[in-house]
Amino acid sequence: MTVPEPPQAAGCPVAHGGASYGAAPYGGGLPVGVPLTPLYGQAVADDPHGLYARLRERYGPVAPIELEPGVEAWLVLGYGELLELTRNEALFSKDSRHWRVPAEGRLAPDSRLQPMTAWRPTLLNLDGAEHQRLRSAVSDTLAQIDHRQLRETTEAAADGLIDSWGPDGTADLIGQYARALPLLVSTQLVGLPTGAGPRMVELISHFVDSGPESVRAAGEFQAILTDLVRRRRSAPGADLTSWLLAHPAGLTDEEAVHHLVVLMVAGNETCINWIGNTLRLLLTDRRFRATLTGGRLTVSDALEEVLWRDPPTQNFPGRWATGDTVLGGQYISAGDMLVLGLAAANADPAAQGTASAAQGSLGGNRAHLAWGAGRHVCPAQHPARIIVETAVETLLHRLPDLQLAVPPGELAWRPSPWSRALVALPVLYSAFTPPRPPAPERPAWTPPQTPPEPAPSPSGSTPTDATSTARTPGSGQPVQRSWWNSLVGWWSGR
């Protein structure tokens, strides 16, 4: 990559897309005289695909944007450019301390961007050998999860939630299912008290949305995890927190806390949105409606299509330029912030296979960038897939006649620049099928001191055919059914 000569003076034109560029009012290579496109508010919720297409048409694969009033950045829309960005650590660092905006005093202490951009000693914010040390600790810790037991635990939590719904045949699959389910699983995984679940959901939503409560929520969230690390340091258990602390990488308490923040956000917000977006696709797309009654497309196909079209994280901050350079035809200055446009890059017409994606024939193509790319690709994607796939399959088995309760066009999206998330997903159904028989084993990470209780016998509901998606052998419901039912009852206010 060659480093261009910087513009000679403010307003010095460099032809690109019909706009004049030069030394921007904020510094760097951002455009002068052209209003920056906001990557916040209702526009990014109502039609993000249209927004990205317009930016691509006007600016090419890298577009100038505004993250909040007075805070500029670049949005990387091109598939190839995003790969280049994520693979060149020397030029595009994960260390947000390179960012010019806070260095120039232009990021307010209560900025909604603080929780998503502030530097922390985690694998998300470091490069090189230190990143590899921390990543190995996280990856090895996640590798200790027994996938079969994770599937069983997720199915039990899903059954408990479904059983808690009232007899009127209506539910909101976001508020009553997708938003609760991953927390019921991950609180047990990390060793948090079960009563912390609802509050953790609320706190994660606040700071991921960069909403008005984001700074306060991030502080409270971190305080809860700090207490957990302190307790597990002195009294280890069979959970992710204890495994992380015991790893040979030798994480400090501070490092462990910050990595639990990463794991909780990745394991919850991502799963919530992936479950919701997949269920929406299944309920609104005729190709997948056929799946529910014996068609050829499977739940696994739906999961991949969502990762291509509406990935749980549509944009991710970010990379910071360590020197002046060019990317996608744009002049990038040292200290500029670049946002990974994951959804936009997946839709890049220049990407191989995108044409077939537009025609609805993605099949098993996993070349999407929903998990990022390069050395910082998400390490939690395999457990996340198990949780989401199990959540969707269990729901379809229990409620085989599930249907959307409102026209698809009335579904609303949260106005987050980062997440692609539905506000609600109201549905109708007529009857439950009984849950599957219990599995003989208990989850590997569950403390052994409480003896399992026998699962209650199914209700008088009449079983119906399962979905067309094949179940993974060994999937079933753990024997601790009464524990899940009591937790879900508490969650539902009973």
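This report walks through a predicted model of a protein, from its overall make-up down to single residues.

**The overall picture**

Let's start with the whole chain. The protein has 494 residues, and 56% of them count as buried. Its secondary structure comes to 19 helices and 11 strands. If you take the contacts with a separation of 6 or more, 74% of them are between residues 24 or more positions apart. On the outside, the accessible surface is about 19,200 Å², and carbon and sulfur atoms account for 56% of that.

**A helix with a buried side**

Now look at helix α3, which covers residues 79–87. Which of its residues are buried? They are Y79, L82, L83, L85 and T86. Around the helix axis these residues cover an arc of only 160 degrees, so they end up on the same side of α3. What do they pack against? Their partners are the strands β3 (71–76), β4, β6, β7 (325–327) and β9 (337–340), along with helix α16.

Y79 also turns up in a contact with D348: the side chain of D348 reaches the backbone nitrogen of Y79 at 2.8 Å. You'll find D348 in the loop between α16 (342–346) and α17 (354–358). Is D348 buried or exposed? Its relative accessible area is 7%, and because buried means under 20%, D348 counts as buried.

**Rings that pair up**

Next come the aromatic rings. The structure holds 4 aromatic pairs. One of them joins W99 and W320, whose ring centres are 6.2 Å apart with 55 degrees between the planes, and this pair is tilted. W99 sits in the loop between β4 (92–93) and α4 (100–103), while W320 is in strand β6 (residues 316–321), so the pair ties together parts that are 221 residues apart in sequence. Both W99 and W320 are buried.

Another pair is made by W165 and Y177. Here the centres are 6.0 Å apart and the planes meet at 75 degrees, so the pair is edge-to-face. W165 belongs to the loop between α7 (147–163) and β5 (170–172), and Y177 to helix α8 (residues 174–178), so this pair links parts 12 residues apart in sequence. W165 and Y177 are buried too. Ring pairs also bring in Y429, which makes a cluster of W165, Y177 and Y429.

Some rings have an arginine over them as well. R97 lies over the face of W119, at 3.8 Å from the ring centre. R420 does likewise over the face of W413, at 3.5 Å from the ring centre.

Before leaving strand β6, check out G318, which has its place there. The peptide bond from P317 to G318 is cis, with omega near -20 degrees.

**Three partly exposed residues**

Let's move on to S300, R287 and D146. Where is each one? S300 lies in helix α15 (residues 299–309), R287 is in helix α14 (residues 286–292), and D146 is in the loop between α6 (128–143) and α7.

How accessible are they? S300 has 24% relative accessibility and counts as partly exposed. R287, at 27%, is partly exposed, and D146 also falls in that class with a relative accessible area of 34%.

Here is how the C-alpha atoms of these residues sit relative to a partner along the chain.

| Residue | Partner | Separation along the chain | C-alpha distance |
|---|---|---|---|
| S300 | T278 | 22 residues | 9.7 Å |
| R287 | L297 | 10 residues | 7.1 Å |
| D146 | P383 | 237 residues | 9.3 Å |

What does each of them touch? Leaving out residues up to four places away in sequence, S300 touches R366 and E389. The side chain of R287 makes a polar contact with the side chain of D285 at 2.8 Å. The side chain of R287 makes another polar contact, with the side chain of E305 at 2.5 Å. As for D146, its side chain reaches the backbone nitrogen of Q149 at 2.8 Å.

Technical notes. Residues numbered from 1 in each chain as written. Predicted model: local features only at pLDDT ≥ 70, side-chain atom pairs only at ≥ 80, totals over all residues. Heavy atoms only, no water. Helix = DSSP H or I, 4+ residues; strand = E, 2+ residues; numbered from the N terminus. Buried < 20%, exposed > 50% of the residue type's maximum accessible area, 1.4 Å probe, protein only. Contact = heavy atoms within 4.5 Å. Areas by Shrake-Rupley, 256 points an atom, 1.4 Å probe, with all protein chains shown as cover. Polar contact = N/O pair within 3.5 Å; in protein donor to acceptor, adjacent residues only side chain to side chain. Phe/Tyr/Trp six-rings, centres within 6.5 Å; stacked < 30°, edge-to-face > 60°. Lys NZ or Arg CZ within 6 Å of the ring centre and 35° of its normal. Arc of directions from axis to C-beta.
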